[in-house]
Amino acid sequence: MLFSNDFVLRPYVPGDAPALVAAIVESTPTLAPWMPWATAQFSMNDALAWIATCEKGLAEATCFEFAIFDRTSGVFVGGCGLNQINGLHGFCNLSYWVRQSWQRNGAASAAIRALTDYAWTELDVQRLEIVVAVGNDASLNTARKAGAFDEGIARKRLKLGHKWVDAHMLSFVKP
């Protein structure tokens, strides 16, 4: 379990599935343009499959995905993770999303701080990358506000649905 400001991050468990579905369905307008799987049709089966993938990744140390909760109320507010781990070159991807009703309340910034601390102390990485599609200004601003170094735009870096898009490449390096 990780703590950052007013938020708690912990690995997903199957009991999180209903809250995950509710958050995705609620947030389709703000998430779907950047996460094409985040549709109004996101189901319990989808949530349980995701959680099983997260549990397997954690057990195999291939990814570290966390649910984000409000520390006081216990409300599920989003998800974040360290994934696409490249052991040879010592880097991985840092990702985050926040449900629509909790956006602009510091959850994503808190998640970035907690994941950065976790990566430096628990993983053998020297670099964290945040890849943000051009046009996703909310995510870009969050990464910049958290102190990520903006390295520029990588052409056709992300695939959103069936379309390749340019993306901002931001990073943290281990001190």
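Me: What makes Ser4 in strand β1 count as buried in this predicted model?
Reply: Ser4 lies in strand β1. The relative accessible area of Ser4 is 7%, and buried means under 20%; therefore Ser4 is called buried. In the predicted model, Ser4 and Ala119 are 115 residues apart in sequence and 14 Å apart in space, C-alpha to C-alpha.

Me: What is notable about the phi of Asn5, and where is Asn5 found?
Reply: The phi of Asn5 is positive, about 55 degrees, although Asn5 is not a glycine. Asn5 is found in the loop between β1 (2-4) and β2 (7-11).

Me: Why is Gln84 called exposed?
Reply: Gln84 has 56% relative accessibility, and exposed means over 50%, so Gln84 counts as exposed. Gln84 is placed in strand β4 (residues 76-86). A positive phi of about 50 degrees is found at Gln84, although it is not a glycine.

Me: Is Asn83, also in strand β4, buried or exposed, and how do you know?
Reply: The relative accessible area of Asn83 is 12%. Buried means under 20%, so Asn83 is buried.

Me: What makes the pair Asn83 and Glu65 a polar contact?
Reply: The side chains of Asn83 and Glu65 are joined at 2.8 Å. A polar contact needs N or O atoms within 3.5 Å, so this distance meets the cut-off.

Me: Why is Arg99 called buried, and which atom does the side chain of Arg99 reach?
Reply: Arg99 has a relative accessible area of 10%, and the limit for buried is under 20%; therefore Arg99 is buried. The side chain of Arg99 reaches the backbone oxygen of Phe76 at 2.9 Å. Arg99 itself sits in the loop between β5 and α4 (107-122).

Me: How do you know that β2 and β3 pair, and in which sense?
Reply: Strands β2 and β3 (residues 64-70) share five bridges. Pairing requires at least two bridges, so β2 and β3 count as paired. The sense is antiparallel, and Pro11 stands opposite Phe66 in β3.

Me: What makes β7 and β8 a pair, and what lies between them?
Reply: Eight bridges join β7 and strand β8 (residues 163-173) in the antiparallel sense. At least two bridges are required, so β7 and β8 pair. Phe149 stands opposite Ser171 in β8. The two strands form a hairpin with two residues between them, and Gly161 in the turn has a positive phi of about 70 degrees.

Me: In what order do the strands of the open sheet run, and why are some called edge strands?
Reply: The eight strands run in the order β1-β2-β3-β4-β5-β6-β8-β7, with mixed pairing. The edge strands are β1 and β7 (149-160), each of which pairs on one side only. Neighbouring strands of this sheet are turned by 30 degrees against each other on average, direction ignored.

Me: How much space lies in the largest pocket, and which residues are closest to its centre?
Reply: The largest pocket holds about 1400 Å³ of space. It is lined by 48 residues, and the closest to its centre are Met35, Ser95, Tyr96, Trp97 and Ser139.

Me: Which element gives the largest share of the lining of the largest pocket, and what classes make up that lining?
Reply: Strand β5 (residues 91-98) gives the largest share, six residues. By class, the lining has 26 nonpolar, 16 polar and six charged residues.

Note on methods
Residues numbered from 1 in each chain as written. Predicted model: local features only at pLDDT ≥ 70, side-chain atom pairs only at ≥ 80, totals over all residues. Heavy atoms only, no water. 1 Å grid on protein atoms, 1.4 Å probe; cavity = no way out; pocket = protein on both sides within 12 Å on 5 of 7 lines; lining within 4 Å. Points joined across faces, edges and corners; volume = space filled by probe spheres on them. Helix = DSSP H or I, 4+ residues; strand = E, 2+ residues; numbered from the N terminus. Nonpolar A, V, L, I, M, F, W, Y, C, P; charged D, E, K, R; others polar. Buried < 20%, exposed > 50% of the residue type's maximum accessible area, 1.4 Å probe, protein only. Axes fitted to C-alpha atoms, helices over the stretch in contact; angles between N-to-C directions. Polar contact = N/O pair within 3.5 Å; in protein donor to acceptor, adjacent residues only side chain to side chain.
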